Amino acid sequence: EMSEMSERSKKNVAHGLAWSYYVGYLKIVLPRMKRSMEEFSRANPNLLACRKTWKLHILVPLSCDVYDELEKADSNIQYVTDLTETTLARAGTKKRVYKHSLYAIRDEENQLWHCAVEYATPLQSLHAMSQDECAAFSREERLEQAKLFYRTLEEILNGSKECADAYRLIAYE
């Protein structure tokens with residue numbers, strides 16, 4: 001009965017999405033992030049000079065608006081290349097590929113930074129749910145779910161030893 005009430009009130013969506021994102025993706029890719037950045041840096045010594053950017057920068061737009069191309073979201077972001085792929089057998093897929101894109105980002109002082117950036121993909125699901133009449137989240141509910149997703153993911157990652165110092169969560173409106 002409690003589970004049914006919780007499901008009807010849509011309280012578990014963000015919590016479940018955050019855990020799924022962590023267990024099914026971040027826990028796999030983040031521990032490999034530094035090594036991937038080191039390998040790339042050895043092959044391209046001019047691009048990744050600043051070690052403090054050697055992590056995955058995860059964008060969390062609270063609006064859940066996720067662009068497939070970051071350049072369309074912000075003209076200060078330019079795609080550079082992809083980092084080395086990680087290939088693993090996962091859930092019946094023999095050679096599942098995980099990869100990250102490297103971007104050049106120009107800051108307010110016109111300085112260029114190179115880093116791996118991507119959206120938290122479960123936000124696409126939250127956005128789609130708010131557009132689907134079966135799930136029918138209101139804009140306010142979607143915002144609350146996005147905030148809950150961020151807080152839950154932050155809490156999970158803060159407690160994860162294997163993911164420590166391999167990510168930066170960036171929430172924004």
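This is a short talk about helix packing and the pockets and cavity in one structure.

Okay, before anything else: what we're looking at is a predicted model. I'll start with the helices and then go on to the empty space.

So, helix H2 first. H2 covers residues 13–43, and its axis comes within 10 Å of the axis of H4, residues 122–131. The two cross at roughly 155°. That is over the 145 degrees we use as a cut-off, so H2 is roughly antiparallel to H4. As for handedness, the H2–H4 crossing is right-handed.

Who actually touches whom there? On the H2 side you've got Val13, Leu17 and Tyr21, and they meet Pro122, Ser125, Leu126 and Met129 of H4. Sorted by class, this H2–H4 contact has six nonpolar residues and one polar one, with no charged residues.

Now stay on H4 and look at its other partner, helix H5, residues 139–158. Here too the axes come within 10 Å, and the crossing angle is roughly 165°. That makes H4 roughly antiparallel to H5. The handedness of the H4–H5 crossing is right-handed.

For the contact itself, H4 puts in Pro122, Leu123, Leu126, His127, Ser130 and Gln131, and H5 answers with Arg142, Gln145, Ala146 and Phe149. The class split for H4 with H5 is five nonpolar, four polar and one charged. If you have the structure open, click on Pro122 and Leu126: they're in the H4 list for H2, and they're in the H4 list for H5 as well.

Right, on to the pockets. The largest pocket has a volume of about 650 Å³. Its lining runs to 26 residues, and those nearest the centre are Leu59, Ile77, Ile105, Arg168 and Ile170. Where does that lining come from? Strand E1 (56–61), helix H3 (70–73), strand E5 (101–106), strand E6 (112–119) and strand E7 (167–172) each supply at least two residues. E6 has the largest share, with four residues. In terms of class, the lining of the largest pocket is 13 nonpolar, four polar and nine charged.

The second largest pocket holds about 460 Å³ of space. For this one, 21 residues do the lining, and Tyr25, Glu118, Tyr119, Thr121 and Gln124 lie nearest the centre. Two or more lining residues come from each of H2, strand E2 (77–82), E5, E6 and H4. So our two helices from the start, H2 and H4, are back on that list. Which element gives the most to this second pocket? That's H2, with four residues. The class breakdown for the second largest pocket is eleven nonpolar, five polar and five charged.

Last stop, the cavity. How many cavities of 30 Å³ or more does the structure hold? One. The space in the largest cavity is about 60 Å³. Its lining is short enough to read out: Val29, Arg32, Met33, Ser36, Thr84, Thr86, Tyr98, Lys99 and His100. H2 turns up again here, giving the most to the cavity lining with four residues. And by class, the cavity lining has three nonpolar, four polar and two charged residues.

So if you take one thing back to your screen, follow H2: it packs against H4, gives the most to the lining of the second largest pocket, and gives the most to the lining of the largest cavity too.

Notes: Residues are numbered from 1 along each chain as its sequence is written. This is a predicted model: local features need pLDDT of at least 70, side-chain atom pairs count only at pLDDT 80 or more; totals for chains, interfaces and linings use all residues. Side-chain values use heavy atoms; hydrogens and water are left out. Axes are lines fitted to C-alpha atoms, for helices over the stretch in contact, and angles run from 0 to 180 degrees between N-to-C directions. Angles under 35 degrees count as roughly parallel, over 145 as roughly antiparallel, 65 to 115 as roughly perpendicular and the rest as oblique. A crossing is left-handed if the near helix is turned anticlockwise from the far one by less than a right angle, and right-handed if clockwise. Contact means heavy atoms within 4.5 Å. Ala, Val, Leu, Ile, Met, Phe, Trp, Tyr, Cys and Pro count as nonpolar, Asp, Glu, Lys and Arg as charged, and the others, Gly among them, as polar. On a 1 Å grid over the protein atoms alone, a cavity is a set of points where a 1.4 Å probe fits but cannot get out, and a pocket is an open set with protein on both sides within 12 Å along at least five of seven lines; lining residues have an atom within 4 Å of a point. Grid points are joined across faces, edges and corners, and a volume is the space filled by probe spheres set on the points.
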